[in-house]
Amino acid sequence: MLLEVMKMKKLVLVLTMLLAFACSSLAFAADGGDLNKEQKAAEKMMASLAGDAATEYAALAPSMSAELGKTMDQKNFAAIQKQVKQQFGSLKETKFFSFERYDHADKVTYIAGFSKEKIVVMSFVFGKDAKLQNFSFSPYKAPEQAPAEKK
């Protein structure tokens with residue numbers, strides 16, 4: 001009798017553990033797959049800034065939304081490459097900064113270092129289909145501090 005009770009307790013314990021593991025797996029991030037796809041597209045965009053415009057645009061085009069593809073053709077892409085090179089210099093390093101999920105879009109932000117500009121915020125907006133819809137590169141400006149009051 002005592003042996004049966006111990007077996008029953010073990011069975012209840014095992015079932016409780018399995019149920020706890022099953023419930024905790026539901027709490028893991030469901031956005032991970034989307035984030036991975038969007039990070040790859042953003043990294044492809046950042047890498048394309050230094051290469052041949054025709055080759056890089058052809059590699060980047062499949063990850064762009066139809067709307068962005070209409071407004072940014074190969075000629076415009078070459079102009080963007082030139083403008084980034086003039087304004088920021090050559091890309092030295094990038095670091096992932098944030099992932100923001102909104103109702104109709106996702107925003108992936110990187111902090112980058114260029115040869116002329118030390119800190120540049122690179123933001124990429126993706127639609128729900130994980131296609132690049134928009135992007136922006138802006139130099140980081142530290143907030144100005146108010147002068148300390150004299151006593």
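Colleague: In what order do the elements of the protein chain run from the N terminus on?
Modeller: This is a predicted model. The protein chain has 5 helices and 4 strands. Read from the N terminus on, the elements run α-α-α-α-α-β-β-β-β.

Colleague: What share of the residues in the protein chain is buried?
Modeller: A residue counts as buried when its relative accessible area is under 20%. The protein chain has 151 residues, and the buried share of them is 28%.

Colleague: How much of the accessible surface of the protein chain belongs to carbon and sulfur atoms?
Modeller: Take the total to begin with. The accessible surface comes to about 10,800 Å². The part that belongs to carbon and sulfur atoms is 61%.

Colleague: Which residues make the nonpolar surface patch of about 290 Å²?
Modeller: Start with one member, Val12, found in helix α1, residues 2–26. Val12 has a relative accessible area of 47%, so Val12 is partly exposed. The residues that make the nonpolar patch are Met8, Leu11 and Val12.

Colleague: Which residues of helix α3 are buried?
Modeller: Helix α3 spans residues 53–60. On one side of α3, Thr55 and Ala58 are exposed. On the other side, the buried residues are Ala53, Tyr57 and Leu60.

Colleague: Why do the buried residues of α3 count as being on the same side?
Modeller: An α-helix has 3.6 residues a turn, so residues three or four places apart point the same way. The buried residues here are Ala53, Tyr57 and Leu60. They are put on the same side of α3 because they cover an arc of only 65° around the axis.

Colleague: Which helices do the buried residues of α3 pack against?
Modeller: Ala53, Tyr57 and Leu60 are the buried residues in question. Their packing partners are α2, α4 (66–71) and α5 (74–88).

Colleague: How are β1 and β2 paired, in the parallel or the antiparallel sense?
Modeller: A hairpin joins β1 to β2 through 4 residues. One bridge puts Glu100 opposite its partner in β2, Lys107. Over 9 bridges, the pairing sense is antiparallel.

Colleague: How many salt bridges does the count come to?
Modeller: The rule asks for a side-chain nitrogen of Lys or Arg within 4 Å of a carboxyl oxygen of Asp or Glu. One pair that meets it is Asp34 and Arg101, at 2.8 Å, N to O. The count comes to 3.

Colleague: How far apart in sequence are the parts that Asp34 and Arg101 tie together?
Modeller: The side chains of Asp34 and Arg101 meet in a salt bridge. Asp34 lies in helix α2 (residues 32–47) and Arg101 in strand β1 (residues 91–101), so the parts tied together are 67 residues apart.

Colleague: Is Asp106 buried or exposed?
Modeller: The side chain of Asp106 meets that of Arg101 in a salt bridge of 2.7 Å, N to O. Arg101 is partly exposed, at 32% relative accessibility. Asp106 has a relative accessible area of 1%, so Asp106 is buried.

Colleague: Where is Lys128, which meets Asp106 in a salt bridge?
Modeller: The salt bridge between Lys128 and Asp106 is 3.6 Å, N to O. Asp106 is in strand β2 (residues 106–114), 22 residues from Lys128. Lys128 itself is in the loop between β3 (120–126) and β4 (132–139).

Colleague: Which residues do salt bridges that share partners join into one network?
Modeller: Arg101 meets Asp34, and Arg101 also meets Asp106. Asp106 meets Lys128 in turn. The network joins Asp34, Arg101, Asp106 and Lys128.

Colleague: Is Lys116 buried or exposed?
Modeller: Lys116 has its place in the loop between β2 and β3. The cut-off for exposed is over 50%. Lys116 is at 54% relative accessibility, so Lys116 counts as exposed.

Colleague: How far apart in space are Lys116 and Gly89, C-alpha to C-alpha?
Modeller: Leaving aside neighbours within four places in sequence, Lys116 is in contact with residues including Lys85, Phe88 and Gly89. Lys116 and Gly89 are 27 residues apart in sequence. In space, C-alpha to C-alpha, the distance is 5.0 Å.

Notes: Residues numbered from 1 in each chain as written. Predicted model: local features only at pLDDT ≥ 70, side-chain atom pairs only at ≥ 80, totals over all residues. Heavy atoms only, no water. Patch = residues over 30% accessible without salt bridge, like charges linked within 9 Å, V, L, I, M, F, W, Y side chains within 5 Å. Areas by Shrake-Rupley, 256 points an atom, 1.4 Å probe, with all protein chains shown as cover. Helix = DSSP H or I, 4+ residues; strand = E, 2+ residues; numbered from the N terminus. Buried < 20%, exposed > 50% of the residue type's maximum accessible area, 1.4 Å probe, protein only. Pairing = 2+ DSSP bridges. Arc of directions from axis to C-beta. Contact = heavy atoms within 4.5 Å.
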